[in-house]
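Got the viewer open? Let's walk through this one a selection at a time.

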Amino acid sequence: MTGTLIKKEIITKILDFRFVITSVIAIVLVVFSVVILSGNYKKEVDIYETALKDDEKDLEDVKTFSLYEPKIHYPPNPLSIFNNGITDKTNKTFTLKYSWIPRQTTETESENPFLKIFRHFDLTTVFQIVLSLLALLLIYDAICGEREEGTLGLMLSYKVNRSRILFSKLVSGILLLSIPVLLSFVFSLLIITVIFGIGFSASAWIRIGLIVLTTLLFLAFMISSGLLISSLVSNSSVSLLLSTCLWVILCVLQPNLNSFIAASVIDVPSNNRIDEVYSVLWDEFEDRYEAHLVEIDKKVPEGRQNGNMMNYSDYKGRYVIFDGTTPLLLRYLYITQEIEPLRQQYAEKEWNIYKKEYLPFLEKQFRIQQTLDRFSPATIFYSIVASLSCTDVYNYEHFLEEVRNYRNTMMSYLNNDRKIFSEHANEYFTQLEMEEIYHSQYEKREENGMTFGFYNTPPIDLSEIPEFHFQNLTLQDHINDLITGILLLLTYSLIVFQVCMNRFLKYDVR
Amino acid sequence: MAMIRTIFYKEILLNLISFRFHILLVVSVLIFTVSGLLYVNISDTRQDDLIAQYRMQTGGLHENSAHLNNLALFRQHLIRMPKPGEIISLAEEQDLPDLISFDAFWLGGFYSEKEMFSDVDRYNYKLNNYIPFDWVFIAGIILSFFVFVLTFDAFSGEKQTGTLKLQCAYPVSRLYLFFAKYLAFLVLITLTFMLGIAICLITISLASAFQIVLPSIGQIIAVILVSLIYFSIFILLGLWFSSIIEKPATSLAYSLFTWMILVIFIPSGMVMLGEKIRPIPSAFEHNEQMNTAETEIWDNAPRRAQSYGPPGAWGGKVYPYMDLRKKMIVEMDAVRNEYKVIRFNDQLRQAKMAINLGRISPYVLFRKISECIAQNGLQDFENDFTLVVNHRRIFREFIESKDREDPESYHFVNSWHLETYSSAPVNFEEIPILNEPRQNLLDNILEDAAIDIGLLILFNLVFLIAGWTGFLRYDVR
């Protein structure tokens with residue numbers, strides 16, 4: 001009997017012109033968005049690849065470790081077509097410095113700072129808005145509409161209990177909706193893979209499969225709430241009215257509201273304030289630097305002579321381009337030995353301040369948003385898809401952590417293996433011995449008349465430097481969030497369906 | 001005429017007691033209250049931050065006025081203080097930079113690694129993107145949605161109950177019938193909006209710790225007038241759907257899809273499409289171009305302009321070929337500034353292209369006009385940028401004129417060498433200060449938003465004709 005009921009529901013709805021036309025519109029909207037989003041992704045990949053090439057070229061020319069500042073780029077993620085998450089707000093490039101521990105800076109690196117407001121758009125939002133509206137339009141008259149037409153009474157005269165009718169309506173709704181959902185996914189994937197030639201890895205395909213399932217689960221919730229509204233009222237117009245109000249609140253209002261509340265309830269310290277704290281710290285560093293200089297000058301008095309040494313130095317880093325006499329170089333060797341480790345310490349201190357006085361506030365805001373998000377199925381859906389697409393906060397933080405770890409590995413390699421800050425600190429400058437540097441510089445100057453640059457020195461040997469590898473978080477790492485989200489969605493759906501069942505059992509079919 | 005009035009009153013009364021109007025009222029009162037409360041929180045801290053920034057800048061100017069050359073290189077900002085009507089349209093303003101930096105020589109300031117535009121926002125990358133609940137969002141998205149909820153069964157619903165036939169039996173033309181309904185809806189939705197505005201203003205003035213500058217009466221009236229035109233489009237659209245589609249529910253379904261496309265999809269989609277149609281060089285490419293142009297000047301400059309060396313090398317007090325060198329430096333600065341302006345114009349043109357494409361959506365038009373009323377948004381930012389470009393010239397001229405007065409100076413004002421021009425103290429009062437000028441509201445609207453208002457009215461006319469002919473041909477049986 002259930003089978004017959006489901007069949008009947010599907011056949012009557014699928015013949016409905018309204019369902020067909022709204023599905024077609026929905027699919028067209030999805031296709032339009034996919035074309036634009038895939039194009040954006042392609043552009044991102046182009047930028048990423050040119051950046052990698054340029055980095056390689058830049059590093060070939062590096063002749064001193066003092067100028068060795070490799071860059072790390074966040075690899076573009078093809079799943080970001082499905083969900084933007086926070087990717088368009090995060091820094092994509094990090095420069096590894098002795099004096100700075102990588103973290104998200106507040107400056108965004110957008111190509112165009114204008115009209116950002118209209119650009120927050122991805123496939124999940126399209127699904128969230130369009131398909132849920134479709135679901136409500138499909139189901140709003142499921143019970144009250146049949147009552148109006150009189151078929152509900154007819155149906156109940158058969159030997160079939162009410163819960164079965166309701167259940168078959170739910171199942172048929174999900175089955176029917178899966179047609180536009182699957183079609184949208186198939187079209188999107190065809191466009192992405194065939195037209196734009198974007199490939200997915202095996203695990204990405206599993207993630208896409210899970211995204212499809214989550215979408216259906218979310219739509220199941222929308223269908224059961226549509227059913228609930230339909231069983232609460234007796235008039236199909238009123239039911240549609242309430243359903244659409246529910247839709248606009250759940251899918252348009254609340255996603256914006258949650259973040260807006262979070263952003264305005266808790267204040268993050270302003271950039272200026274935190275910059276002030278940092279500058280106090282670096283002032284202290286400069287004082288200690290000066291003190292060291294005095295001591296060093298006692299050791300190598302002739303090093304202070306006015307030589308041809310180009311030395312750009314600020315607290316963010318020190319670039320020494322050497323062209324001078326041996327005592328001058330010696331003086332800088334001492335500085336390097338004592339100051340550079342100190343600079344690293346201060347970088348650590350700055351990082352600790354950031355971690356203690358800035359990050360917790362961001363975290364608090366984020367928690368508030370997360371908690372609020374858990375109350376609404378639409379936002380739960382969004383965050384599950386974000387986790388599945390690896391565009392969520394956790395994945396980005398994992399990336400930052402990896403970058404910081406890599407920086408530590410690199411620093412310890414430079415400190416311990418290459419000993420660039422030890423008594424062999426000339427490595428900090430070049431690969432050459434001190435005398436060789438002097439001669440190479442001297443010859444060049446004779447030839448050229450120019451007074452700076454390591455013209456004759458070979459580039460530093462980078463073959464043994466550890467490489468950076470980054471893997472997105474796996475499904476297992478996300479499992480807690482995913483399970484919580486999915487369970488919440490299921491619970492909401494079940495609660496709504498249960499209430500609907502109660503209402504329908506008492507429903508007056510006359 | 002009396003008949004029209006009767007029909008009009010009847011419509012208003014019927015809607016006032018209807019369930020859907022109550023939902024609309026509750027939702028709009030709630031949203032406006034929430035919007036007021038949240039705006040107060042955000043605005044208070046923002047104002048604090050900007051004022052702190054302003055103090056810092058004034059302090060910096062004061063400190064650096066001890067030496068003219070230091071003052072020339074001091075990185076100043078145009079601080080874009082919150083405008084009185086900010087709550088009208090916050091969304092784009094929130095993403096626009098707060099500071100535009102410059103010094104006497106360079107747009108963006110001497111430290112080239114720092115950006116020309118920066119923010120003092122308390123920004124959190126972990127939060128999802130959101131549109132703040134400004135009035136444009138509430139009126140443009142939420143209330144326009146409710147317009148459809150009110151109008152979807154205007155004709156088809158009355159047909160079902162049979163009252164439409166009855167009304168047609170009276171000696172009134174269909175035109176009047178149509179207009180009575182139209183006016184009733186317009187009055188209802190506008191009254192709701194006005195009620196919301198009042199609630200929002202009261203919330204803000206009760207909740208704010210500081211004196212937040214509320215929008216002026218002129219601005220409020222302008223917003224209401226524009227929203228009148230905006231709502232009217234959706235009412236006509238709803239009436240049209242209601243007259244061409246038999247079943248009310250189907251009519252609502254179609255009008256919702258239309259609403260979704262007009263209000264949600266076209267704005268975002270067209271902006272993204274605009275970026276495709278008018279691509280701009282990436283920041284990296286742009287920097288390459290800028291550096292090449294600068295290097296070219298360097299390479300073409302005479303050798304004596306290039307080599308400077310330590311002061312010991314040429315013994316004297318000022319480098320003997322400083323005039324050559326200064327010429328080169330000035331040229332390089334000019335190229336750099338030119339490229340910064342080019343970059344800005346590229347970005348602006350792209351954004352304008354996107355907006356132009358989006359103008360097929362009434363929501364985009366509404367947002368643009370409201371930005372003109374609130375005197376913020378992209379247009380205002382463009383004006384500010386032009387201000388900074390001009391002010392930098394004025395500031396540079398000021399530095400040069402002060403330098404001419406100093407007998408001890410070598411009079412080579414340039415961005416690279418501080419020692420070649422005056423380091424005499426400057427009277428703080430004389431330093432030209434950059435302030436955003438107050439614009440006349442009406443001039444501003446007429447200048448920048450005339451076309452948009454025209455387009456909104458055009459939308460009205462199109463849907464008026466559609467709705468009216470739809471109703472004229474309507475079969476009331």
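Start by colouring chain A by confidence: this is a predicted model, and the mean pLDDT of chain A is 83, with 86% of its residues reaching 70 or more. Now pick out residues 306–319 of chain A, where the pLDDT is below 50. Beyond near neighbours in sequence, that stretch still has 30 contacts in the model. Do the same for residues 445–453 of chain A: pLDDT stays under 50 there too, and the model has eleven contacts for them beyond four places in sequence. Keep both stretches in a warning colour while you look around.

**Stop 1: the two domains of chain A**

Next, split chain A into two colours. Domain 1 takes 2–45 + 122–266 + 473–505, and domain 2 takes 48–119 + 268–391 + 405–448. How many residues of each domain are in contact with the other? From domain 1 of chain A it is 40 residues, and they meet 32 residues of domain 2. To see the domain 1 side of that contact, select α2 (17–60), α4 (123–139), α8 (202–232), α9 (236–265) and α16 (475–505) of chain A, the elements that each give two or more residues to it. Which of them gives the most? That's α9(A), with ten residues. Colour this side by residue type and you get 27 nonpolar, nine polar and four charged.

**Stop 2: two residues in chain A**

Zoom in on F381(A), which is found in helix α13 (residues 377–388) of chain A. Is F381(A) buried or exposed? Count the C-beta atoms: there are 29 others within 10 Å, so F381(A) is buried, the cut-off being 20 or more. Show what F381(A) touches, leaving out residues up to four places away in sequence, and you'll find Q128(A), T214(A), F218(A) and L489(A). Now draw a distance from F381(A) to Q345(A): they are 36 residues apart in sequence, yet 43 Å apart in space, C-alpha to C-alpha.

For a contrasting environment, jump to T95(A), in strand β2 (residues 93–95) of chain A. T95(A) has 11 other C-beta atoms within 10 Å, so it is exposed, which takes 12 or fewer. Neighbours within four places aside, T95(A) is in contact with E69(A) and K71(A). Try the distance from T95(A) to E69(A): 6.2 Å from C-alpha to C-alpha, with their positions 26 residues apart in sequence.

**Stop 3: chain B as a whole**

Hide chain A for a moment and zoom out on chain B. You're looking at 16 helices and three strands. The radius of gyration of chain B is 29 Å, well over the 23 Å that the globule rule gives for 477 residues, so chain B is more spread out than a compact globule. Turn chain B along its principal axes and the C-alpha trace spans about 105 × 45 × 40 Å. Of its 477 residues, 44% count as buried. If you have a contact map handy, take the contacts in chain B with a separation of 6 or more: residues 24 or more positions apart account for 81% of them.

**Stop 4: the sheet in chain B**

Show just the strands of chain B. The three form an open, antiparallel sheet in the order β1-β2-β3. The edges are β1 and β3 of chain B, each pairing on one side only. Go to β1 (residues 76–79) of chain B, which pairs with β2 (residues 99–102) of chain B in the antiparallel sense over four bridges. Select Q76(B) and its bridge partner in β2(B) is F102(B); L78(B) stands opposite I100(B).

Turn on side chains along β1(B). In a regular strand the side chains alternate between the two faces of the sheet. Here Q76(B) and L78(B) point one way, H77(B) and I79(B) the other, and all are buried.

**Stop 5: where the chains meet**

Bring chain A back. The contact takes 66 residues from chain B and 62 residues from chain A. On the chain B side, highlight α2 (19–64), α4 (91–95), β3 (117–118), α5 (135–151), α10 (248–277) and α13 (322–358), each of which supplies at least two residues. Which element has the largest share of that side? It's α10(B), with 17 residues. Finish by colouring the chain B side by type: 41 nonpolar, 15 polar and ten charged.

Key: Residues numbered from 1 in each chain as written. Chains lettered and ligands numbered in written order. Predicted model: local features only at pLDDT ≥ 70, side-chain atom pairs only at ≥ 80, totals over all residues. Contact = placed C-beta atoms within 7 Å. Nonpolar A, V, L, I, M, F, W, Y, C, P; charged D, E, K, R; others polar. pLDDT = per-residue confidence, 0-100. Domains from an automatic or database assignment. Rg over C-alpha atoms; globule rule 2.2 N^0.38 Å. Pairing = 2+ DSSP bridges.
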